[in-house]
Amino acid sequence: MTPTTNTNWFTHTSDQPYDRHYYTIDNKRFDDYEQLRAHWFQIPITNQTVIVHDYTTKKRTSVAQGF
């Protein structure tokens, strides 16, 4: 199957920036989903797996829990 420009393949629910994930495909890292899509459409190999990674946040170092 050859990728096409079918707009039903990719959907979104918000136009706001979304930066809670980064993506890898073929051992290449992408911080922007649109860049990942552009790369995916340009690679000739089908059946590629995109891995979605969560950004890790720093853990709290204090014991206090707030108020």
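Me: In this predicted model, where does Asn27 lie?

Reply: Asn27 lies in the loop that runs between β1 and β2, and Asp26 is found in that loop as well, with β1 covering 21–25 and β2 covering 28–30.

Me: Which sign does phi of Asn27 have, and in what kind of residue?

Reply: The sign of phi can be read together with the residue type. Phi of Asn27 is near 60 degrees, a positive value in a residue other than glycine, and for Asp26, likewise a residue other than glycine, phi is positive and near 55 degrees.

Me: Is Asn27 buried or exposed, and how does one decide?

Reply: A residue counts as exposed over 50% relative accessible area and as buried under 20%, with partly exposed in between. Asn27 reaches 82% relative accessibility and therefore counts as exposed, whereas Asp26, with a relative accessible area of 39%, is partly exposed because this value falls between the two cut-offs.

Me: What pattern does the protein follow along the sequence?

Reply: Reading along the sequence gives the order β-β-α-β, which corresponds to 1 helix and 3 strands in the protein.

Me: What share of the residues is buried, and how many residues does the protein have?

Reply: The protein has 67 residues, of which 13% are buried. Its accessible surface comes to about 6,400 Å², and carbon and sulfur atoms contribute 51% of that surface.

Me: What part of the contacts joins residues 24 or more positions apart?

Reply: Among contacts in the protein with a separation of 6 or more, 57% are between residues 24 or more positions apart.

Notes
Residues numbered from 1 in each chain as written. Predicted model: local features only at pLDDT ≥ 70, side-chain atom pairs only at ≥ 80, totals over all residues. Heavy atoms only, no water. Helix = DSSP H or I, 4+ residues; strand = E, 2+ residues; numbered from the N terminus. Buried < 20%, exposed > 50% of the residue type's maximum accessible area, 1.4 Å probe, protein only. Contact = heavy atoms within 4.5 Å. Areas by Shrake-Rupley, 256 points an atom, 1.4 Å probe, with all protein chains shown as cover.
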